Amino acid sequence: MSGWRRMDPRRLWQVGAVAIPVVVAALISPAPAAAHALVARRDLPIPTWLFAWAASLVLIVSFVVLSFAWRDAKLEDGRWRPVGERLSRWIVNPVTGWLAGALGVFLLGVVLWTSLYGENAPATNFSLTFVYVTAWLGLVVLSVLFGNVFRALNPWRALARGWQAVIRLLAGQTPAAPLRYPERLGRWPAVVGLVAVVWLELVWGSSGFQAVGLYPRTLGHAVLFYTLYTFAGMGLFGIDTWLERGEVFSVYFGMFSQLGPLEVRDERLGLRRPLSGAAHWATLPGSVAMVLASIGTTTFDGAQEGPLHSPIFSFAGHLTDIGLGVTLAVRLSESFWMAASIAAVAALYLFGVRGMQTMRGSPGFRPLAISFGHTLIPIALAYLTAHYFSLVFFQEQAQFGYLLSDPLGNGWDLFGTATNQVNYGALSANAIWYVQVGALIAGHVTGLSMAHDRAITVYGDPKRAAASQRWMLLVMVGFTCLGLFLLSQANG
Amino acid sequence: MMSGPAETLAAVTLLPVAHAGHWYFMPLYAAPILIILYSAIATTVRERRAKREEESRGSGASRSR
């Protein structure tokens, strides 16, 4: 803050003379897109950009407080203490393990059955909402709260372990993996898989007009393909190796579980300091790319309804001009902009790292980028919460209402809820907006705290750590303002 | 009421104003980022200056030896 303290009072007046009229003019001018009266669904007391300023102020204050109050690294020691043995044995035991695995296999079967044999309509088929809302988003929340629950529920792991048990019974030994996993590959297969999973929903399925526009048959074929691919990976490199590095869902939910306080070690449930699990998560190659891809794909999803809407269709127009079909042109254009969104998010982070590297005693660029990669996990969580909170809230009413009673969409009423409707009035647009702002602020303050903690270890002194973290503050404020801008555009 | 060329001119001048609602607030989202960028760059400049001073002190000390 010393740069601001040293500012000449006359210069401050000059800055104020320009800034104050701009702010006042912006405050009294009409709301964004006032020319389109139908778009204004919210009635907020202040303009949305002022929320970005308020959120930035919260981050700056947090940064100052961290500089003074957080003097030692608290998240690095990996301390873990087991809970009572009886409680642990009650929750983590072979029976619950097999039951959870069986539940996962059952749900995988339901997804395949409904997607391949139900009505091929996104809004009335159980499978799409279940995969892309209930599982993809719901398991993120469960992972943060209760630890790596997907490991127990993972249907592919359960099937592979069952198969392994049969082999052991017949042959008397567990066969070794035929190939050694290339260390340099790290988590990169999972990164590619994450982008593919989101691409399937946002790009391939973008021709539909539903919450999830993908067709159930396409999803069913994708799930079948992914099942074979995962079995191949586990068969070639070993079950645990592939799950930890190559299997998208295990790596993705495992990443978010690092934030929570619960962890199972050697079949024993224990507690650790919240956020401390993430401290050494990003050391495997591709881990930082995993977080960046998560933020980047969410950014693209928000931007395609707002600022990227016009560029996507403009680029697609150029592609149709050179003779491509409309659907292919839109998909190519969206693929391009999705890649550009991930690249832009990565560029913002790496710009911050490059800035940090200018500090005396800094490690090299690459180690520094890896070292701070885990601090982006809360931001990925904040982006997911902010962008999909309302989708989850409304779609889960459908999931546990008519989709559960009529999973194939052909007129069944298994639980008497087939005629239930989604109550879109249950949550106001303002309430959604405040949850979004709250999630973004909380996520970025958490990320900033984790970065400060890591900086103390890297730079060895709280003062130098704080100085280096101005660049991470820039990254965090950048992501906060970007997130709020995209949300204001998408909801506006 | 305007008519003829005046009406056309008014439409031409008013359109961008009506659509200003789409873009005027965009730089406002960037303002906090620019303020912190200024602070971060100032830190880096000070760091580089301190590094140069350290280096010159170091080379001066080695020359005097």
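**Figure 1. Who lines the largest pocket, class by class.** In this predicted model, nonpolar and polar residues tie in the lining of the largest pocket, at 19 each, and charged residues add another 12. The volume of this pocket comes to about 1700 Å³. Its lining counts 50 residues, and those closest to the pocket centre are Asn148(A), Arg151(A), Ala152(A), Arg157(A) and Val264(A).

**Figure 2. Helices and strands around the largest pocket.** Helix 5 of chain A hands over the largest share of the lining, 6 residues. Several other elements of chain A chip in with at least two residues each, including helix 8 (149–153), helix 9 (155–171), helix 12 (239–245) and helix 13 (248–257). Strand 2 (262–265) and strand 3 (268–272) also make that list.

**Figure 3. An aromatic pair, Trp136(A) with Phe249(A).** The count of aromatic pairs over all chains is 31. In this one, Trp136(A) and Phe249(A) meet edge-to-face, with 5.6 Å from centre to centre and 85° between the planes. The partners come from distant parts of the chain, 113 residues apart: Trp136(A) sits in the loop between helix 6 (126–135) and helix 7 (138–146), while Phe249(A) belongs to helix 13. Trp136(A) has a relative accessible area of 6%, so it counts as buried. Phe249(A) is buried as well, at 14%.

**Figure 4. Arg331(A) over a Trp ring****.** Here's a charge sitting on an aromatic face: Arg331(A) lies over Trp204(A), 3.8 Å from the ring centre.

Definitions and conventions. Residues are numbered from 1 along each chain as its sequence is written. Chains are lettered from A and ligands numbered from 1 in the order in which they are written. This is a predicted model: local features need pLDDT of at least 70, side-chain atom pairs count only at pLDDT 80 or more; totals for chains, interfaces and linings use all residues. Side-chain values use heavy atoms; hydrogens and water are left out. On a 1 Å grid over the protein atoms alone, a cavity is a set of points where a 1.4 Å probe fits but cannot get out, and a pocket is an open set with protein on both sides within 12 Å along at least five of seven lines; lining residues have an atom within 4 Å of a point. Grid points are joined across faces, edges and corners, and a volume is the space filled by probe spheres set on the points. Helices (H or I, at least four residues) and strands (E, at least two) are DSSP runs, numbered from the N terminus. Ala, Val, Leu, Ile, Met, Phe, Trp, Tyr, Cys and Pro count as nonpolar, Asp, Glu, Lys and Arg as charged, and the others, Gly among them, as polar. Rings of Phe, Tyr and Trp (its six-membered ring) pair if their centres lie within 6.5 Å; planes under 30 degrees apart count as stacked, over 60 as edge-to-face and the rest as tilted. Buried means under 20% relative accessible area, exposed over 50%, partly exposed in between (1.4 Å probe, protein chains only). A charge sits over a ring if NZ of Lys or CZ of Arg is within 6 Å of the ring centre and within 35 degrees of the ring normal.
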